[in-house]
Amino acid sequence: MFFNTFVFQAGLVNLLFHKFKGTIILSAAYLALSIAFHVWVMNLRWKNSTRFVWTDGLQALFVFQRLAAVLYCYFYKRTALHLGDPRFYQDSLWLRKEFAHIRS
């Protein structure tokens with residue numbers, strides 16, 4: 001969705017990254033936590049597939065991953081709503097002010 005915006009096409013990628021920095025960082029953190037959790041689960045299950053294995057560290061990682069999932073869903077939906085704002089898809093006074101602020 002970033003690529004379709006007027007801001008991106010005008011070459012103000014830094015403005016988009018600055019405006020949605022929290023969502024981008026949280027998405028990367030959620031991805032890392034999810035990959036770490038699933039790799040850990042697969043390693044435990046691979047070694048002993050006939051038993052249910054659940055360690056304390058895995059429990060903690062599971063809790064952090066699920067907490068990050070809630071935040072991820074909230075920020076993802078908030079970003080989708082913000083990207084639906086028409087000012088991102090047309091030239092406007094807001095965009096000119098932001099551009100002038102970045103240049104100075």
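This tour moves from the whole chain to one pair of helices, then to selected residues.

**The whole chain**

Begin with the complete model, which is predicted. Colour by secondary structure: the protein has five helices and zero strands, and its pattern along the sequence reads α-α-α-α-α. Of the 104 residues in the protein, 23% are buried. If contacts are displayed between residues at least 6 apart in sequence, 62% of them join residues at least 24 apart.

**Helix α3**

Select residues 21-47, which form α3. Does the span of this helix agree with the value of 1.5 Å a residue? With 27 residues, α3 should span 39 Å, and its end C-alpha atoms are 39 Å apart, so the two agree. Next, show the side chains of Thr23, Leu26, Ser34, Phe37, Val41 and Leu44, which are the buried residues of α3. These buried residues pack against α4.

**Helix α4**

Now select residues 56-83, the 28 residues of α4. From first C-alpha to last, α4 reaches 40 Å, close to the 40 Å expected at 1.5 Å a residue. Its buried residues are Leu58, Leu61, Gln65, Ala68, Ala69, Thr79 and Leu83. Among the elements that cover them is α3.

When residues along a helix are inspected, it is useful to recall that an α-helix has 3.6 residues a turn, so residues three or four places apart point the same way.

**The pair α3 and α4**

Keep both helices on screen. Two packed helices are described by the angle between their axes and the distance between the axes. The axes of α3 and α4 cross at roughly 150° and come within 9 Å. The crossing of α3 past α4 is left-handed. To display the contact, select on α3 the residues Thr23, Leu26, Ser27, Tyr30, Leu33, Ser34, Ala36, Phe37, Trp40, Val41 and Leu44. On α4, add Gly57, Leu58, Leu61, Phe62, Phe64, Gln65, Ala68, Ala69, Leu71, Tyr72, Phe75 and Thr79. Coloured by residue class, this contact shows 17 nonpolar residues, six polar and no charged.

**The largest nonpolar core**

Which residues make up the largest nonpolar core? Select Phe37, Val41, Leu44, Val53, Leu58 and Leu61, six residues in all. The elements that contribute two or more residues to this core are α3 and α4. The largest share, three residues, comes from α3.

Centre the view on Phe37, a member of this core. Beyond its neighbours within four places in sequence, Phe37 is in contact with Trp54, Leu58, Leu61 and Phe62. Of these partners, Leu58 and Leu61 also belong to the core.

**Thr23**

Move along α3 to Thr23, which lies in that helix. Is Thr23 buried or exposed? Thr23 is buried, because its relative accessible area is 10% and the cut-off for burial is under 20%. Residues up to four places away in sequence aside, Thr23 touches Phe75 and Thr79. Both partners are α4 residues in the contact with α3.

**Phe99**

Finally, select residues 93-103, helix α5, and find Phe99 within them. Phe99 counts as partly exposed because its relative accessibility is 35%. Add Leu15 to the selection: although Phe99 and Leu15 are 84 residues apart along the chain, their C-alpha atoms are separated by 8.2 Å.

Definitions and conventions:
Residues numbered from 1 in each chain as written. Predicted model: local features only at pLDDT ≥ 70, side-chain atom pairs only at ≥ 80, totals over all residues. Heavy atoms only, no water. Helix = DSSP H or I, 4+ residues; strand = E, 2+ residues; numbered from the N terminus. Expected span 1.5 Å × (residues − 1). Buried < 20%, exposed > 50% of the residue type's maximum accessible area, 1.4 Å probe, protein only. Contact = heavy atoms within 4.5 Å. Axes fitted to C-alpha atoms, helices over the stretch in contact; angles between N-to-C directions. Left-handed = near helix turned anticlockwise from the far one by under 90°. Nonpolar A, V, L, I, M, F, W, Y, C, P; charged D, E, K, R; others polar. Core = buried A, V, L, I, M, F, W, Y, C linked by side-chain atoms within 4.5 Å.
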